[in-house]
Amino acid sequence: MENAKVDADTRKNRIKHDEDGQEQMYAMLRGVATKRGLTLAELDASPSEFENHLQAKAKKWYLSGLAEADKLTGE
């Protein structure tokens, strides 16, 4: 009986830990995106809106990140 209680508590704590981590990650990603100029409406866009409108911005950011990494590594 005691083992079952410990198992249930452990599962509950792991779920809470995972959910908290996920919320922190999403908050961080939203913060970076808004810092880079995305509006809240763009952040909440549906997947098709992303593909039609935001994918070009994401590609530009990705490529500029690669270029910055090349500079930092001396390539």
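Of the 75 residues of the protein, 4% count as buried in this predicted model. The accessible surface amounts to about 6,800 Å², and carbon and sulfur atoms account for 57% of that area.

The secondary structure consists of three helices and zero strands, giving the order α-α-α from the N terminus on. The radius of gyration is 20 Å, well over the 11 Å that the globule rule gives for 75 residues, so the protein is more spread out than a compact globule. The C-alpha trace spans about 60 × 35 × 20 Å along its principal axes.

Helix H1 covers residues 2-35 and includes Met25. With a relative accessible area of 39%, Met25 is partly exposed. Residues enter a surface patch if their relative accessible area is over 30% and they form no salt bridge, and the 39% computed for Met25 is therefore over the cut-off for area. Met25 contributes to a nonpolar surface patch of about 490 Å². The other residues that make this patch are Tyr26, Met28, Leu29 and Val32.

Aromatic contacts were examined next. A pair of aromatic rings is described by the distance of the centres and the angle of the planes. A search of the whole structure returned zero aromatic pairs. A contact between a charged side chain and a ring was found at Trp61, where Arg36 lies over the face of the ring. The distance from Arg36 to the ring centre of Trp61 is 5.3 Å, which is within the 6 Å allowed for a charge over a ring.

Note on methods: Residues are numbered from 1 along each chain as its sequence is written. This is a predicted model: local features need pLDDT of at least 70, side-chain atom pairs count only at pLDDT 80 or more; totals for chains, interfaces and linings use all residues. Side-chain values use heavy atoms; hydrogens and water are left out. Rings of Phe, Tyr and Trp (its six-membered ring) pair if their centres lie within 6.5 Å; planes under 30 degrees apart count as stacked, over 60 as edge-to-face and the rest as tilted. A charge sits over a ring if NZ of Lys or CZ of Arg is within 6 Å of the ring centre and within 35 degrees of the ring normal. Patches are made of residues with over 30% relative accessible area and no salt bridge: like charges are joined within 9 Å, nonpolar side chains (Val, Leu, Ile, Met, Phe, Trp, Tyr) within 5 Å. Accessible areas come from the Shrake-Rupley method with a 1.4 Å probe; for residues, only the protein chains shown count as cover. A salt bridge is a side-chain nitrogen of Lys or Arg within 4 Å of a carboxyl oxygen of Asp or Glu. Helices (H or I, at least four residues) and strands (E, at least two) are DSSP runs, numbered from the N terminus. Buried means under 20% relative accessible area, exposed over 50%, partly exposed in between (1.4 Å probe, protein chains only). The radius of gyration is taken over C-alpha atoms; the globule rule is 2.2 Å times the number of residues to the power 0.38.
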